[in-house]
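Here is a quick walk through one protein chain, strand by strand and patch by patch. Have a look at the sequence and the fold before reading on.

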Amino acid sequence: MSDTDIPLPWLHQSEKSSQTPPPFRLPLRFAFYGRVSTEDQQDPEASRLWQRGRAEALIGPTGGTIVADYFDIGQTRALPWKRRPDAQALLAALADRNRGFDAVVVGEPQRAFYGNQFGDTFPLFVHYEVPLWVPEVGGAIDANNEAHDLILSVFGGMSKGERNRLRLRTHTAMASQTLTEGRYLGGRPPYGYRLRDLGPHPNPGRAADGKRLRGLEPDPQTAPVVVRIFTEFLRGYGTFAIAEGLTRDGISSPSAHDPRRNPHRDTRAWAKNAVRAILGNPRYTGRQVWNRQKKHETLLDITDVSLGYTTKMRWNAQDKWIISKEIVHTPLIDDETFARTQDVLRTRVRSGPAPGVKRTRNTYLLRGALQCGVCGRTMQGHWSHHQAYYRCRFPEQYALANRISHPRNVYLREAWLIRPLDDCLAKIFSPHRLDETVDLMAAAAQEDPGPTRTTNSAQQKIADCDTKLATHRAALEAGADPVLVTQWIADTQARREQAEAELRATTPQPQPQPQHGTPLSRDEIAALVRVAGSLTTAIHQADPTDKAELYKKLGIRLRYDPAQQKVLAESLLDQDLSGSRGVPVRVGRGT
């Protein structure tokens, strides 16, 4: 053996198997991998530096140098490597013979591997003959060394255990703070309340960083609406009738009052589900409530467990809610009113599926991609007679109040749409039409987005104040606290006077136009079109699951006009097709 050809280092030379790995020439060129989660306010740059420092200390004595960085920011350790952007890029680089590095070094295995991820990932390093170095084994991992495999498996289990312990401690602490202290634990305030400052944070460290403790107080604009909803419901009005009346009186829905709450919701009218949610929220009795929802992890693909889990928010049963023992903020309704409301709601709850009937998960190829041309809402999937349909039932869910002319049901069968859509895609991205498609998309990318809608004028503010004053007086007549309602009236009158002064003194200025990203160049668009063309070659014969994923990658967006029975189809291509994010461009076709 020459002076420069040395074998990989082992933890125990006496345990080396008869199958000796091939020698590697030093100094090696390394790719560094690390990960940081920002959920607990970690500094990504500081984390990257100390993880890379450990890696450099490991490879320094051999003269190795780091020539490539792969560092995932804001990615939970529970995500497998193939679902972390930088980790996925590193795995793809392993298959490239011109990758530019000879080995991979990890600074902290507990940041890199979670659970059994090491066992799912390391075989790729072995297959492509790329050594993986970690500080805990003093060098490269030996695929034939049981001790190495055991050590990394233990670190994966420790990583999983640490995450579970953190989650349990956090849940227990927050439950205790809610139950005994009634502390506001963050999130959006419920409709009818707003946040107020309660002084420095009780945690000295957070107080030193300027953190403040917050609580809830009645919102003068929306608290009377909550009182009205409970009052009308106990008088016999249904949720839809209440929503209809609120919309008719020009009272903003929760989504319209605070568009950031649910940007995907319709802001033109009250939804009956919004009314029901308010009626079932015990926070209006002055008590703090926590754990109404939880993060539920479900397998992303039941046929491939290695893909890991996806997290979704689900409602907990009421016996799981944590409710403070004492009243901690100003109540909008009393306990008796809330209890009577819950009794009425329970009598109106619809039953679930019939006994013995199981809900099935059906595949919708255009889930989330089809919009109703009447109201602009995303049409919902509906399975009937072994066929996939998409429907919009705006009048069943939102109050109309004579503002929107919408059919009771808008239906579209999926089978009527898929074949023309596939033919259109195959035509647009066919090889002989690539130049025409690129020109069309380049022109679309340069189009001016057009002016945006300006904010309400002073006259509209005055009209809103008048509506709120009428609502305040109605709440007073319904038996609300006179002191509280009087304060609401005073605040609303002050805003009305301010709006009148604004109307007399100034003219509203137009809103500035939003800034948009730099359009893609023609060469970049051409590259995307070539990728899209390769994806659509076998679209007609694709498996339904693969076809749904293909539509998602192509950025398919559809808008159905029931009056003309036409669908406008757009493909919002993004540079994600080629592995990196970019500015979307579009091309439209009618079918």
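Which residue in E17 does Cys392 stand opposite? The partner is Val410. Before going further, a word on the source: this is a predicted model, where local features need pLDDT of at least 70, side-chain atom pairs count only at pLDDT 80 or more, and totals for chains, interfaces and linings use all residues. Residues are numbered from 1 along each chain as its sequence is written, and side-chain values use heavy atoms, with hydrogens and water left out.

**Around E16**

Strands here are DSSP runs of E with at least two residues, and helices are runs of H or I with at least four, both numbered from the N terminus. Two strands count as paired if DSSP finds at least two bridges between them. Strand E16 has partners in E15 and E17. With E15 it makes a hairpin that has two residues between the strands, and His385 in that turn shows a positive phi of about 55°. Ser384 is bridged to Gln387 in E16. Five of the six residues of E16 are buried, so the strand is largely enclosed by the rest of the structure. Buried means under 20% relative accessible area, exposed means over 50%, and partly exposed lies in between (1.4 Å probe, protein chains only).

Some antiparallel pairs, side by side:

| Pair | Residues of one strand | Bridges |
|---|---|---|
| E15 and E16 | E15: 380-384 | five |
| E16 and E17 | E17: 410-413 | four |
| E6 and E7 | E6: 132-134 | two |

**The open sheet**

E6 and E7 belong to an open sheet of five strands, in the order E4-E3-E5-E6-E7 with mixed pairing. Its edges are E4 (65-73) and E7 (139-140), each of which pairs on one side only. Val134 has Gly139 in E7 as its bridge partner.

**On the outside**

Lys312 sits in strand E12 (residues 309-315). At 42% relative accessibility, Lys312 counts as partly exposed.

Over in the loop between E11 (293-299) and E12 you'll find Val305. Val305 counts as exposed because its relative accessibility is 54%.

**One helix residue**

Phe240 lies in helix H8 (residues 239-248). Is Phe240 exposed or only partly exposed? Partly exposed, because its relative accessibility is 32%. Phe240 and Arg276 are 36 residues apart along the chain, and their C-alpha atoms are separated by 9.3 Å.
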